[in-house]
Amino acid sequence: MIAAVDKMLEHLNSKNIAEIGAFESEFLGRVELPVERIQCAAVVGEAIRGALADRRQRLLVEFNGEDALICTCFGVGELRVRETIIRDSLETVDEVAAATNAGSGCGSCRMIIQEMLDSR
């Protein structure tokens with residue numbers, strides 16, 4: 001189990017939070033553990049997925065803004081997205097994602113962010 005944790009942390013160390021959400025299949029394809037220990041990697045993967053889900057839930061609970069919630073993955077509201085677009089003169093969804101994290105998780109809000117960019 002310790003070896004699986006070490007290998008997974010080594011793999012995730014250079015990833016940002018959005019990339020971590022889709023790590024498991026990539027990791028299991030590259031992991032160098034004995035076949036009988038692959039289940040250890042699965043347990044570690046489940047723990048990381050649980051931690052990400054807990055973080056997401058905490059962000060949603062903390063979000064109590066009066067503006068619309070645009071990104072449920074990171075708890076980013078419409079006002080923050082609009083202000084960032086204007087302040088930083090952003091032109092693409094990827095630029096918004098880099099500046100606010102909105103749109104860098106599951107991606108379901110990317111179309112809304114694009115509409116916000118188009119309407120300015």
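I will talk about the salt bridges in this predicted model and then about one nonpolar patch on its surface.

Residues are numbered from 1 along each chain as its sequence is written. Because this is a prediction, local features need pLDDT of at least 70 and side-chain atom pairs count only at pLDDT 80 or more, while totals for chains, interfaces and linings use all residues, and side-chain values use heavy atoms, without hydrogens and water.

Searching the whole structure gives 3 salt bridges, where the term means a side-chain nitrogen of Lys or Arg within 4 Å of a carboxyl oxygen of Asp or Glu. In one of them, the closest N and O atoms of glutamate 78 and arginine 82 are 2.9 Å apart, and both residues belong to helix H5 (residues 78-88), with 4 residues, about one turn, between their positions; helices here are DSSP runs of H or I, at least four residues, numbered from the N terminus. Glutamate 78 is partly exposed at 24% relative accessible area, as is arginine 82 at 33%, with buried meaning under 20%, exposed over 50%, and partly exposed in between (1.4 Å probe, protein chains only).

Aspartate 94 and arginine 110 meet at 2.6 Å, N to O, and this pair links distant parts of the chain, from helix H6 (residues 93-100) to helix H7 (residues 110-118), 16 residues apart.

Turning to the surface, Met1, Val5, Leu9 and Val43 make a nonpolar patch of about 340 Å²; patches take residues with over 30% relative accessible area and no salt bridge, joining like charges within 9 Å and nonpolar side chains (Val, Leu, Ile, Met, Phe, Trp, Tyr) within 5 Å, with areas from the Shrake-Rupley method and a 1.4 Å probe, and, for residues, only the protein chains shown as cover.

Notes
Helix = DSSP H or I, 4+ residues; strand = E, 2+ residues; numbered from the N terminus.
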